[in-house]
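Let us walk through this structure together. Keep the sequence beside you as you read.

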Amino acid sequence: MITIALTKGRILKDTLPLLSAAGIEPEEDIASSRKLVFATNQADVRLLVLRGVDVLTYIRHGTADMGVVGKDMLMEDGASQLYELFDLGIARCRLMTAYKKERAQLVKQSKLASQSRIKVATKYVNIAQRYYAEQGVQADIIKLYGGMELAPIMGLADEIVDIVDTGKTLLANGLEPANFIADISSRLVANKASMKVKHAELKHLTDAIAAAVSQQSA
Ligand code: PRP
């Protein structure tokens with residue numbers, strides 16, 4: 001049995017057509033189901049639907065053989081004990097800092113004291129710590145689990161670090177994208193032991209997925 005862990009949400013929406021092009025079809029409609037494990041048209045392939053960070057945990061423990069996860073999760077959680085196989089080119093977005101329009105004005109006019117510590121709200125604590133350290137900015141990082149855009153509005157933080165896709169969520173909350181941190185897309189990731197023990201089966205699958213990716217980008 002091959003177990004593939006998928007990241008739910010917008011990544012899942014882009015993943016399913018890719019899997020379909022690679023010949024893997026879930027036996028029921030994942031989007032309208034509350035189930036977390038799905039059989040497929042291939043008797044020896046099943047799918048799990050999880051949060052990105054949990055996808056990595058399942059793969060690290062070998063409970064899932066491979067999976068689909070955002071590069072943001074790999075940057076945050078590290079890629080130890082995993083193979084990052086290739087870029088699927090889906091769910092593309094950017095990791096950015098963002099702040100209120102008023103702060104953007106102050107930055108433009110260089111009216112912020114350059115030595116002062118700032119407060120940054122994010123679910124990407126490790127990425128944010130590395131980024132601000134590289135910039136030589138002293139930042140106190142506040143961990144949130146979602147709805148980061150609220151933090152500057154409510155005065156919890158000066159800035160956020162978050163994913164920006166269309167930019168609509170920032171705009172709707174009176175925030176502006178500020179500094180670019182990284183381009184993000186989803187990656188195919190595999191458990192190291194599985195790649196040895198189930199080499200032939202996984203190679204067959206990864207070849208089919210790679211072909212679907214190049215077909216999609218052609
Ligand atoms: C992400 C991110 C932003 C939003 C950006 O949240 O945290 O809130 O999408 O997208 P946009 O630029 O197109 O508006 P998501 O909806 O994935 O939910 P999450 O907060 O649970 O991660």
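We begin with the ligand and then turn to two loop residues.

This is a predicted model. Start at the ligand, which takes up the space of the largest pocket. Which elements give two or more residues to the shell around the ligand? They are strand 9 (159-164) and helix 7 (168-172). Strand 9 provides the largest share, three residues.

Now look at the shell itself. Arg10, Lys123 and Glu149 are part of it, and so is the run of residues from Asp162 through Thr169, with Ile163, Val164, Asp165, Thr166, Gly167 and Lys168 in between. By class, six residues of the shell are charged, three are polar and two are nonpolar.

Some of these residues make polar contacts with ligand oxygen atoms. The side chain of Asp162 has an N or O atom 2.8 Å from one ligand oxygen atom. For Lys123, a polar side-chain atom lies 3.0 Å from an oxygen atom of the ligand. Lys168 uses its backbone: a polar atom there is 3.5 Å from a ligand oxygen atom. How much of the ligand does the protein bury? Alone, the ligand exposes 500 Å², and the protein buries 68% of that.

Next, move to the loops. Gln81 sits between helix 3 (71-77) and strand 5 (82-87). Gln81 is not a glycine, yet its phi is positive, about 65 degrees. Ala91 lies in the loop between strand 5 and strand 6 (93-100). Ala91 is not a glycine either, and its phi is about 50 degrees, also positive.

Are these two residues buried or exposed? Ala91 has a relative accessible area of 15%, so it counts as buried, because the cut-off for buried is under 20%. Gln81, at 48% relative accessibility, is partly exposed.

Key. Residues numbered from 1 in each chain as written. Predicted model: local features only at pLDDT ≥ 70, side-chain atom pairs only at ≥ 80, totals over all residues. Heavy atoms only, no water. Near = heavy atom within 4 Å. Polar contact = N/O pair within 3.5 Å; in protein donor to acceptor, adjacent residues only side chain to side chain. Areas by Shrake-Rupley, 256 points an atom, 1.4 Å probe, with all protein chains shown as cover. 1 Å grid on protein atoms, 1.4 Å probe; cavity = no way out; pocket = protein on both sides within 12 Å on 5 of 7 lines; lining within 4 Å. Sits in = over half its atoms within 2 Å of the grid points. Helix = DSSP H or I, 4+ residues; strand = E, 2+ residues; numbered from the N terminus. Nonpolar A, V, L, I, M, F, W, Y, C, P; charged D, E, K, R; others polar. Buried < 20%, exposed > 50% of the residue type's maximum accessible area, 1.4 Å probe, protein only.
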